[in-house]
Structures are given as structure tokens and as C-alpha cells.
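This report introduces a reader to selected features of one structure. It turns from individual residues to the packing of two helices.

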Amino acid sequence: MAGHGSPTLTVDGSGLRVAIVASSWHDQVMDGLIDGARRGCADAGIDRPEIVRVPGTFELSVACARLAPRYDALVALGVVIRGGTPHFDYVCSAATQGLTEVSVRTGVPVGFGVLTCDDDAQAVDRAGLPGSREDKGHEAATAAIAMAVTLRDLEARA
């Protein structure tokens, strides 16, 4: 979901099990993303999502793969800031492909809250902090929960 033109989702995820999996790099940005994801869960009726911290964005996929069988939705949060080497491209690509694979393979929605930014200012602006223009943690949680509800409803129709 993107800031401009993004849908306003209101979803009741009561009873769903949700885990928030968050990178440990960039404390200020990650604190904002985690707080936003928690608010997104609370807005959907989920009071106690599990919080799992991993070393970095690259490690989100393996943690989500391990957690998927125990949860109805996962929220993956991380931030990668472009530097002077191709590291940015490799980590962003691996995280995107890995999290997509987890979701498709397991059928468990993974909210994609990985910020891929050119600089620290862009990350702060998307982290849901005071003065930020966007709250990507909240958006990722809401999207994951909305998908879990959609999949639950589809299964009920079968």
C-alpha cells in the first residue's frame, strides 16, 4: 500500500493470531514501525501480537517461514538505506522475494513493512513517528490482517 491513494481499510481481526517480525537496525525508525504495527493490530481488535526481533532485514524471511504455521498473519518490518555499494539491491531483493515466497508457500499473509529508502530522512518520514507523513508499520499490519480475514472468509465459503 502506498501513501497517496491508499485505501482506508477497516477490518475486524478479532481472534486472529498475529506476529510482528522486526529488524534490529535503525532503532528510531524501527521503534516507529513497531509502534505503528501494534496500533494497526489494536485497531483491528488484536491486543497482543507477538513481537519477534531479528538481526536485520535479510533475516526476516527465515523467521517468518518458521513462524507461519503458528499464526494467521505476519507483519515483516525492516529498513534498508541505500549506500555506496550494491548491498542495498541485494538485501532489498532478497527480502522481497523471501517474504513473498513465505506467504505464497504457506498461505499465511505477510504484511510488507520493509522501507527501502535513499536516506535516513526518507525512512523517518515513513516510520509513523511524530511529524512523519506515512505510517508504514500500521499499513503493513492492516494489510496483513485484512488478507487473513479475506482468506478466512474464502475458506468458510468452500
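In this predicted model, Thr57 has a relative accessibility of 4% and therefore counts as buried, the limit for that class being under 20%. Thr57 is located in the loop that lies between β2 (50-54) and α2 (60-67). From there, its side chain reaches the backbone nitrogen of Val79 at 3.3 Å. When neighbours within four places in sequence are left aside, the residues in contact with Thr57 are Ser23, Gly78, Val79, Val80, Val91, Ala95 and Val114.

A second buried residue is Glu139, whose relative accessible area is 15%. Glu139 belongs to helix α5. The C-alpha atoms of Glu139 and Ser6 are 9.2 Å apart in space, although 133 residues separate the two in sequence.

The table sets the two residues side by side.

| Residue | Place | Relative accessibility |
|---|---|---|
| Thr57 | loop between β2 and α2 | 4% |
| Glu139 | helix α5 | 15% |

Helix α5 (residues 136-157) also packs with helix α1 (residues 27-43): their axes come within 6 Å and cross at roughly 40 degrees. Because of this angle, α1 is oblique to α5. The crossing of the two helices, α1 and α5, is right-handed. On the α1 side, the contact is made by Leu33, Gly36, Ala37, Arg39, Gly40, Cys41 and Asp43, while α5 contributes Lys136, Gly137, His138, Ala141, Thr142 and Ile145. Sorted by class, the contact of α1 with α5 comprises five nonpolar, five polar and three charged residues.

Terms used. Residues are numbered from 1 along each chain as its sequence is written. This is a predicted model: local features need pLDDT of at least 70, side-chain atom pairs count only at pLDDT 80 or more; totals for chains, interfaces and linings use all residues. Side-chain values use heavy atoms; hydrogens and water are left out. Axes are lines fitted to C-alpha atoms, for helices over the stretch in contact, and angles run from 0 to 180 degrees between N-to-C directions. Angles under 35 degrees count as roughly parallel, over 145 as roughly antiparallel, 65 to 115 as roughly perpendicular and the rest as oblique. A crossing is left-handed if the near helix is turned anticlockwise from the far one by less than a right angle, and right-handed if clockwise. Contact means heavy atoms within 4.5 Å. Ala, Val, Leu, Ile, Met, Phe, Trp, Tyr, Cys and Pro count as nonpolar, Asp, Glu, Lys and Arg as charged, and the others, Gly among them, as polar. Buried means under 20% relative accessible area, exposed over 50%, partly exposed in between (1.4 Å probe, protein chains only). A polar contact is a pair of N or O atoms within 3.5 Å; within protein, one must be able to donate a hydrogen and the other to accept it, and residues adjacent in sequence count only if both atoms are side-chain atoms.
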